[in-house]
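Biologist: Hello! Please pick a single part of this model and give me a close look at it, with the pairing and the side chains taken together.

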Amino acid sequence: MVVVRRLDEKEFKACFAEPMTNVTATVNAVVDIWPYVDALDLNDIGVPYLNDVHYVYRDAQNRFDQVLIGTGRFNALLVIIIDLRACTVFGHFLLDLNKEYELSDGHLRPV
């Protein structure tokens, strides 16, 4: 049985060390995330479905990989955090870009 762990915002932000590096094209999978993803309750997370992996970012201290998976919600990504030292899934977080960047009505503000 796979145990899932929803990270709160403080725990999620603790997995960052700037600069984050996009390693999507070069990373070798440390752990198979799909059994963990399959164990998630999408209703509990608040998304209707999941898409493919869009990006993988690594923190500057080589502690964590953040695997960004598209969702059925506009501007929302499921982030699976991989603990590189323990070679395990640390947890997950729903990154709502509308909330994070104070966007409204689901549309991007003009720049």
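Modeller: Gladly, and let me start with the terms. Strands (E, at least two residues) and helices (H or I, at least four) are DSSP runs, numbered from the N terminus. Two strands count as paired if DSSP finds at least two bridges between them. Please keep in mind that this is a predicted model, in which local features need pLDDT of at least 70 and side-chain atom pairs count only at pLDDT 80 or more, while totals for chains, interfaces and linings use all residues. Residues are numbered from 1 along each chain as its sequence is written, and side-chain values use heavy atoms, with hydrogens and water left out.

The part I would pick is β4, which spans residues 76–83. Eight of its eight residues are buried (under 20% relative accessible area with a 1.4 Å probe, protein chains only; exposed is over 50%, and partly exposed lies in between). β4 is therefore largely enclosed by the rest of the structure. In a regular strand the side chains alternate between the two faces of the sheet. In β4 one side carries Ala-76, Leu-78, Ile-80 and Ile-82, while the other carries Leu-77, Val-79, Ile-81 and Asp-83, and both of these faces are covered.

Now to the neighbours of β4. With β3, it pairs in the antiparallel sense over seven bridges, and Asp-83 has Phe-64 opposite it. These two strands form a hairpin with four residues between them, and Asn-75 in that turn has a positive phi of about 60°. With β5, β4 is again antiparallel, this time over eight bridges, and Leu-77 stands opposite Leu-95. This pair also forms a hairpin with four residues in between, where Cys-87 has a positive phi of about 55°.

That cysteine deserves a short detour. Cys-87 is partly exposed at 41% relative accessibility, whereas Cys-15 is buried at 1%. A disulfide requires a pair of cysteine sulfur atoms within 2.5 Å. The sulfur of Cys-87 is 15 Å from the closest cysteine sulfur, that of Cys-15, so the two are too far apart for a bond. The disulfide count is accordingly zero.

A side-chain contact also links the two ends of this region. Arg-73 and Asp-96 meet in a salt bridge, with N and O 2.7 Å apart; the term asks for a side-chain nitrogen of Lys or Arg within 4 Å of a carboxyl oxygen of Asp or Glu. Arg-73 sits in the loop between β3 (64–71) and β4, and Asp-96 in β5 (residues 88–96), so the pair ties together parts that are 23 residues apart in sequence. Arg-73 itself is partly exposed, at 30%.

Following β3 away from β4 brings us to β2. β2 and β3 run antiparallel and are joined by six bridges, with Tyr-57 and Gln-66 as one pair of bridge partners. Their hairpin has five residues between the strands, and Asn-62 takes a positive phi near 55° there. A further salt bridge, at 2.6 Å from N to O, brings together the side chains of Arg-58 and Asp-65, and Asp-65 is buried at 3%. Arg-58 also has Thr-21 standing opposite it, where two bridges join the antiparallel strands β1 (residues 21–22) and β2 (residues 50–58).
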